[in-house]
Amino acid sequence: MKGKVFNGMLLFLLVMMLMFSQCLGSYPLAANPVRLIVDGKDITSLASPIIENGRTLVPIRFIAEELGAEVEWKDKEKRVILKKDNLLVSLKIGSRLVLNQGEEKAYFLSDITPKIIDNHTFVPLRLVSNALGIDIEWDEENRIIHVDSNKTSNIEPFFPVKITNLNSGQVIKGKTELQIELSGDNLTNAKEIKYLLLDLDTWEGFVIARGNKLTDKYTWIPDLKEKGVKVLVAAIYDGKGQFLAGDAIHLCIDIVPKVSLMGIREGEILNDTISLGIDTNFIASYVKYEISNLDTGMTKVIGEEVPIDPYAQYKWEPQLKENGSYSFKAIVYDSENKAYESESVSAKVEVNPRLFLSGVYDGQTIDKPVNLLASRNFDVSETEYILRDPKSGKEQLIKAIPYGNYSWFPGPELSGEKEVLVRVKDLRGVSHESKPIKVNLSGKPLVLLEGVGPNQVLRDSTKLKVRSNVELDSISYILTNQKTGKQKIIAKDKKPSFEQVYTPVKEDIGYWNIKAIGNYKGKEISSENVPVRVYLGKTYESLPIIEKDKFLGLSSRLARDSWEKTGMSAALQTAQSILETGWGQSVPVDKYSGKLSYNLFGIKGKGPAGSVIYKTWEVYNGQVYNVDAEFRAYYNVEESWDDHKSFLLNSNRYEPFRQVMHNSTQGAWALKRTGYATDPEYALKLMRIIKQYELERLDKIGI
């Protein structure tokens, strides 16, 4: 038995050895080494060429020195400089950009970045040919690279991409269009183009334009800080942010700042709302408008307290008494707070009297108080709010006052379709009337509960009161348990004007509905049931997620990672996180359990880790009150960061932001303009943080 097993194993080993020997016969164990011959001299022993991912990399130092070139290595900058006669070639480890300066300066991009292998700088074979202008041939059969300095070679671009509407050395004076053309169809994976403006010393800079349509025209508005000779790169990337192709040229930035006031023409007669705007040839941080009345000599500056968005229109609605001759001027500020003025534009303001009723809208059903206001552009001595029957034309006075607004809560004696209008008298005694607005009146006696709002959490004493459209005889306040239906009378048959103080006690803990019941002519009128929660236990406040002095490092890292994936300014992302969380010291936690949300941007709803209950505010019956709301919870700050960027990148609302999100200044104003924050100084606060902590460095990019 043992003999049979041994013979079987021997047979198996013989078969395997035979198969292995056949494999060895079909494929060599190793390809023959590549030889490098420069002007007939074999220098392979100095540093052998390397085949990497199908590309041949060669040691540029030994080739250059063999050809009589001087080679300089700048360790601090990781840069190799080759000099021979009038030729200078500069390349940098890790950068695709190559400078080839002979009689003319030329930049080109390599498909592979120079890299250090065994303390030598290796570059792709074609880069040597392009850089040195010499012929290089590959002998496939004998695996030999022939470098022949006696034969010249023109620069052959690595990529089928060319910047078309600008020339190398062109002087840029201001706003400029950028465009490329593609000569091939091998960029099927291309998803985005970025235009980069790079510094000559560091070969790093900033994205100045970007988009998904490769050959479209893109507008570049220069920053005044960018002066002198720069390198413009058009870089194409795939969906994962990997570089695919590009082109490079050098430009001279020489901007003489110019500001033009838009919206008004010289000598124009202005008889309506005036829309002011600016056009600049540089990135503007903010704008102010100077409006001078030439008749009175009075000047006012709009934007003095809170500067204005330079990328949006400002609307000025002059009053009737402000009619006259005017001079208009825009004052624009750059990133260093230096001011530049437009030329003054003279125009005449001749607005007509304008009056309309605000506070109600056409077709509205009025079942709660409305705030009537005569919106006008002239002074008045008398204001009458009028109710009119649209069929008979019969009018009824709602309220007569000198001027101002009036809170109107129509009673049950008024019902059906009506018209509401305002009639005023100006200071000359001339009467003016607004266009009537059709409304529907419920015709019901109503009671509104004030002092609490839906889903409010009651912890302390709360003042309850009512508002009604009828004269109530008495008022009661009742709590009803949402689960058991048990009722608790807070107050019974009190005077309608009485303000009831409700102080929750231990037995009230739970979820309730609270309502007011009024007595009117022997009948009960109930308000809406307002759901509330009574909670007397411990609550938790927001918490820090990291030490304050470490938050900048954390947020910078997250912002930079996100910037590489999305193209959204890392400086802007970092500033937002600082502003939203108070340097990471105020992050929402569940007010009842203390669960940390890791929610850095206050996004409501449910996240990967569910949600936390956190305090926010709402408006009910015209009053602001605090309520509990669900805020997204995450397992870590990285999830919160990514979710916030997804929120901005996928919502239709923020499309204007996405168009400029690579620029921190334009992006900050776009966030404000699209309603991300209600704070009128939100954009300015972000820009101040970016400047104070030099966050712009986070947006630096190379190629």
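**Entry 1. A salt-bridge network**

I looked up the charged side chains around strand S38 and found Arg388, Glu395, Glu419, Arg423 and Glu433 linked in a network of salt bridges. The model I am reading is a predicted one. I then asked which residue stands opposite arginine 388 in S38. It is glutamate 419, also a member of the network. The strands concerned, S35 and S38, pair in the antiparallel sense, and I noted 8 bridges between them.

**Entry 2. Other partners of S38**

I followed S38 to its other pairings. Strand S40, residues 437-442, runs antiparallel to S38, and 6 bridges join the two. One bridge pair I wrote down is serine 415 with serine 442 in S40. Strand S39, residues 431-433, also pairs with S38 in the antiparallel sense, over 3 bridges. There, lysine 425 has serine 431 in S39 as its bridge partner. S38 and S39 form a hairpin with 4 residues between the strands. I checked the backbone of that hairpin and found that glycine 429 takes a positive phi near 90°.

**Entry 3. Aspartate 389 and lysine 418**

I stayed with S38 for one more salt bridge. Aspartate 389 forms one with lysine 418, and their closest N and O atoms are 3.5 Å apart. Aspartate 389 sits in the loop between strand S35 (380-388) and strand S36 (395-401), while lysine 418 belongs to strand S38 (residues 415-426); the pair links distant parts of the chain, 29 residues apart. Is lysine 418 buried or exposed? Its relative accessible area is 15%, so I put lysine 418 down as buried, the cut-off for that being under 20%. Aspartate 389 has a relative accessible area of 22% and is partly exposed.

**Entry 4. Two more salt bridges**

I took the count for the whole model, which comes to 39 salt bridges. I looked at two more of them.

Lysine 115 and glutamate 52 meet through their side chains at 2.7 Å, N to O. Lysine 115 is in strand S10 (residues 115-117) and glutamate 52 in strand S3 (residues 50-52), so I recorded a link between distant parts of the chain, 63 residues apart. Lysine 115 is partly exposed at a relative accessible area of 27%. Glutamate 52 also counts as partly exposed, with 28% relative accessibility.

Lysine 151 and glutamate 137 form a salt bridge in which the closest N and O atoms are 3.9 Å apart. Because lysine 151 lies in strand S13 (residues 144-152) and glutamate 137 in strand S12 (residues 134-139), the pair ties together parts that are 14 residues apart in sequence. I checked exposure here too. Lysine 151 is partly exposed, at a relative accessible area of 40%, and glutamate 137 counts as partly exposed at 41% relative accessibility.

**Entry 5. An open sheet of 3 strands**

I traced an open sheet of 3 strands in the order S32-S34-S37, with antiparallel pairing. Why is one side of S32 and of S37 left without a neighbour in the sheet? Strand S32 (355-358) and strand S37 (405-408) stand at the edges, and each has a single partner strand, so one side of each has no neighbour there. From one strand to the next the twist averages 20°. Strand S34, residues 370-376, pairs with S37 in the antiparallel sense over 4 bridges. Within that pairing I found leucine 373 opposite asparagine 405 in S37.

**Entry 6. The second largest pocket**

I turned to the second largest pocket, which holds about 770 Å³ of space. Which residues lie nearest its centre? They are Phe601, Gly602, Lys604, Phe631 and Tyr676, out of 21 residues in the lining. Helix H5 (570-581) and strand S50 (611-620) are the elements that give two or more residues to this lining. S50 supplies the largest share, 4 residues. I sorted the lining by type and noted 10 nonpolar, 7 polar and 4 charged residues.

**Entry 7. Asparagine 100**

My last look-up was asparagine 100, in strand S8 (residues 97-101). With 10% relative accessibility, asparagine 100 counts as buried. I also looked up how far its C-alpha atom is from that of valine 501: the two are separated by 83 Å, and the residues are 401 apart along the chain.

Definitions and conventions
Residues numbered from 1 in each chain as written. Predicted model: local features only at pLDDT ≥ 70, side-chain atom pairs only at ≥ 80, totals over all residues. Heavy atoms only, no water. 1 Å grid on protein atoms, 1.4 Å probe; cavity = no way out; pocket = protein on both sides within 12 Å on 5 of 7 lines; lining within 4 Å. Points joined across faces, edges and corners; volume = space filled by probe spheres on them. Nonpolar A, V, L, I, M, F, W, Y, C, P; charged D, E, K, R; others polar. Pairing = 2+ DSSP bridges. Axes fitted to C-alpha atoms, helices over the stretch in contact; angles between N-to-C directions. Salt bridge = Lys/Arg side-chain N within 4 Å of Asp/Glu carboxyl O. Buried < 20%, exposed > 50% of the residue type's maximum accessible area, 1.4 Å probe, protein only.
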